[in-house]
Amino acid sequence: MAEFPQEHPFVLERTGALARLRLDRPTLHNAFDAGLILALTAALEQLATDADVRVVVLEGSGASFSAGADLNWMRGMASASEAENREDALALARLMRTLDELPKPTIARVHGAAFGGGVGLVACCDIAIGVPTAKFGLTESKLGLLPAVISPYVIAAIGAREARRWFATAEIFDAATALRIGLLHDVVEAEALDAAIERQIALLLKAGPQAAAGAKRLVARIASTTDGDRADSDNADLIARLRVSPEGQEGLSAFLDKRAPGWAKE
């Protein structure tokens, strides 16, 4: 198990093929500021190139998952110039894109409230599991703002029609609603949350590492394509390449031999 330097308000723990990235500002409900955004981005970039890491879990300390932007940070940015605010927003955009495109499967462990940018973090993860008491809100419009930077990921998760409602009203919604609209994949009781997360980890560790990592790239490409012929050609290229790759050969051989492939973790 390894930890990121303690001056950063989060903890990165590695255990075998699993990395846990835990926001660790419990007294501030894991709200983030410019420093945390940069540190989280750096940690994710580090994980992206770590061949030993196959699954990343994003979680929070204390009562909340993440309350979004830190109030003191927001106060400072309110008095900053438009150019400074743009640079600040680009840093947050880089964090969200890095998480969304991370070449490892990601799981959000949502044990408590997620607001604003915290909803963005949940939406960027491949799998999101929460508890019934978790609350959610895209509350920016109450401040005369909008969740602009996180909007691509939230809209991808919940759809344009739902986003139009929640972006405009800033209404707080519960875990059951988050499940219905697609922000969460599953809702389980608090005492069952860790078991539910572990089940997803186990499934991902039995999948081919490159296949699991490539799943989000395939989905993103197909979701954005408007050219059916090009999609068919690209998909044929992809499956042909995978079938003759070392991982594909091992997976097919293991299936035919009725054994577990070499990468599978029990």
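How many bridges join strand 3 to strand 4? Three do, linking residues 55–60 with residues 106–110, and the two strands run parallel.

## Ground rules

This is a predicted model, where local features need pLDDT of at least 70, side-chain atom pairs count only at pLDDT 80 or more, and totals for chains, interfaces and linings use all residues. Numbering starts from 1 along each chain as its sequence is written, and side-chain values use heavy atoms, with hydrogens and water left out.

## The six-stranded sheet

Strands 3 and 4 belong to an open sheet of six strands, ordered 1-2-3-4-6-9 with mixed pairing. (Strands are DSSP runs of E, at least two residues, and helices are runs of H or I, at least four, both numbered from the N terminus; two strands pair if DSSP finds at least two bridges between them.) Strand 1 (10–15) and strand 9 (186–187) are the edges, each pairing on one side only. Within the sheet, V57 sits opposite I107 of strand 4.

## The three-stranded sheet

Another open sheet has three strands in the order 5-7-8, again with mixed pairing. Strand 5 (114–115) and strand 8 (172–174) each have a single partner strand, so one side of each has no neighbour in the sheet. Strand 5 pairs with strand 7 (residues 135–137) in the parallel sense over two bridges, and F115 has G137 as its bridge partner.

## What lines the cavity

L21, L40, L44, L58, L95, L99 and L121 line the largest cavity (a set of points on a 1 Å grid over the protein atoms alone where a 1.4 Å probe fits but cannot get out; lining residues have an atom within 4 Å of a point). Helix 1 (34–48) and helix 3 (82–100) each supply at least two residues of that lining.

How values were computed
1 Å grid on protein atoms, 1.4 Å probe; cavity = no way out; pocket = protein on both sides within 12 Å on 5 of 7 lines; lining within 4 Å.
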